[in-house]
Amino acid sequence: MRAVAQAACLQRLAPWARLACAAGLALGAGALLAADAPAPPPGAAAASGSAGCGGDLAGVRRVETARHVIAWRADPQKISVGRHFAIDIVACAKTGAPAASGIAVDARMPSHGHGMNYKAGIKAIGEGRYRAEGLLFHMPGNWELMFDVRSDGERAERATQAVMVR
Ligand SMILES: [Cu+2]
């Protein structure tokens with residue numbers, strides 16, 4: 001999975017983004033990692049507008065912070081108990097907001113007061129895109145994904161997404 005993602009990552013991107021690619025892949029399974037995105041080029045599609053954010057990802061879902069729209073899709077799309085999954089993410093700035101400079105992803109079960117037993121790694125792919133890997137929901141029930149979005153010099157803003165797994 002990682003090798004495939006790396007290949008796709010490296011093929012599609014400009015040289016400046018390949019560095020982010022390689023850096024992200026080198027992060028591995030450490031603590032919850034916040035990926036730092038390279039500055040998006042002017043007019044980057046991912047940073048313009050919110051309604052179409054991540055529109056190229058079929059089946060994408062969207063959540064919002066005050067200033068950003070987070071489009072996300074699990075890989076595989078159906079999250080199963082006890083199975084690792086990844087999340088493809090597109091961060092789009094709302095009108096007048098600065099582009100996201102980094103995102104962290106985590107998850108918890110609010111009604112149980114615990115998080116995951118695994119820590120997700122996240123890598124910036126470029127142009128507002130990220131891939132979080134190594135997530136696993138170890139029990140059925142109501143989970144909450146948390147996307148913490150940073151902009152340069154600003155406090156992180158959180159968007160949450162309820163996810164029910166059986
Ligand atoms: Cu639980």
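User: In which order do the strands of the open sheet of 5 strands lie, and how do they pair?

Analyst: An open sheet is read by walking across it from strand to strand, and in this predicted model the walk gives the order S2-S3-S4-S8-S7, with antiparallel pairing. The ends of that walk are the edge strands, S2 (61-64) and S7, each of which pairs on one side only. From one strand to the next, the twist averages 25°.

User: Which bridges join strand S3 to strand S4, and what lies in the loop between them?

Analyst: For a strand pair one reads the direction, the bridges and then the connection. Strand S3 (residues 68-75) and strand S4 (residues 85-93) run antiparallel and are joined by 8 bridges, and His 68 has Ala 93 in S4 as its bridge partner. The loop between S3 and S4 holds Pro 76, and the peptide bond that joins Asp 75 to Pro 76 is cis, with omega at about 0°.

User: How many bridges does S7 form with S8, and is S7 mostly covered or mostly uncovered?

Analyst: Pairing and burial are separate readings, and S7 shows both. Strand S7 (residues 121-126) pairs with strand S8 (residues 129-135) in the antiparallel sense over 5 bridges, and within that pair Ile 122 stands opposite Ala 132 of S8. Although S7 is an edge strand that pairs on one side only, S7 is mostly covered, with 6 of its 6 residues buried.

User: What is the phi of Glu 127 in the hairpin of S7 and S8, and is Glu 127 buried or exposed?

Analyst: At a hairpin one looks at the residues between the strands and at their backbone angles. The hairpin of S7 and S8 has 2 residues between the strands, and Glu 127 there takes a positive phi near 55°, a positive value in a residue other than glycine. Glu 127, placed in the loop between S7 and S8, counts as buried because 20 other C-beta atoms lie within 10 Å, and the cut-off for buried is 20 or more.

User: Where is Asp 148 placed, and why is Asp 148 partly exposed?

Analyst: The count of surrounding C-beta atoms is again the place to begin. Asp 148, which is in strand S9 (residues 141-151), is partly exposed because it has 19 other C-beta atoms within 10 Å, whereas a buried residue needs 20 or more. Leaving aside residues up to four places away in sequence, Asp 148 touches Ile 103, Ala 104, Ala 156 and Arg 158. Asp 148 and Ala 104 are 44 residues apart in sequence, yet their C-alpha atoms are 5.1 Å apart in space.

User: Which residues touch the most other members of the largest nonpolar core, and which elements give two or more residues to it?

Analyst: In soluble globular proteins, nonpolar side chains tend to be buried together. Here the largest nonpolar core has 32 residues, of which Ile 70, Ile 89, Ala 91, Ile 103, Val 105, Tyr 130 and Ala 132 touch the most other members. Two or more residues come from each of S3, S4, strand S5 (100-109), S7, S8 and S9, and S4 gives the largest share, 7 residues.

User: What pattern does the whole protein follow, and how much of it counts as buried?

Analyst: The overall view comes from the elements and the contacts. The protein has 2 helices and 10 strands, and along the sequence the pattern is α-α-β-β-β-β-β-β-β-β-β-β. Of its 166 residues, 33% count as buried, and among contacts with a separation of 6 or more, 59% are between residues 24 or more positions apart.

Terms used
Residues are numbered from 1 along each chain as its sequence is written. This is a predicted model: local features need pLDDT of at least 70, side-chain atom pairs count only at pLDDT 80 or more; totals for chains, interfaces and linings use all residues. A residue is buried if 20 or more other C-beta atoms lie within 10 Å of its own, exposed if 12 or fewer, and partly exposed in between; C-beta atoms are placed from the backbone. Helices (H or I, at least four residues) and strands (E, at least two) are DSSP runs, numbered from the N terminus. Two strands pair if DSSP finds at least two bridges between them. Two residues are in contact if their C-beta atoms, placed from the backbone, lie within 7 Å. Axes are lines fitted to C-alpha atoms, for helices over the stretch in contact, and angles run from 0 to 180 degrees between N-to-C directions. A nonpolar core is a set of buried Ala, Val, Leu, Ile, Met, Phe, Trp, Tyr and Cys residues joined through C-beta atoms within 7 Å.
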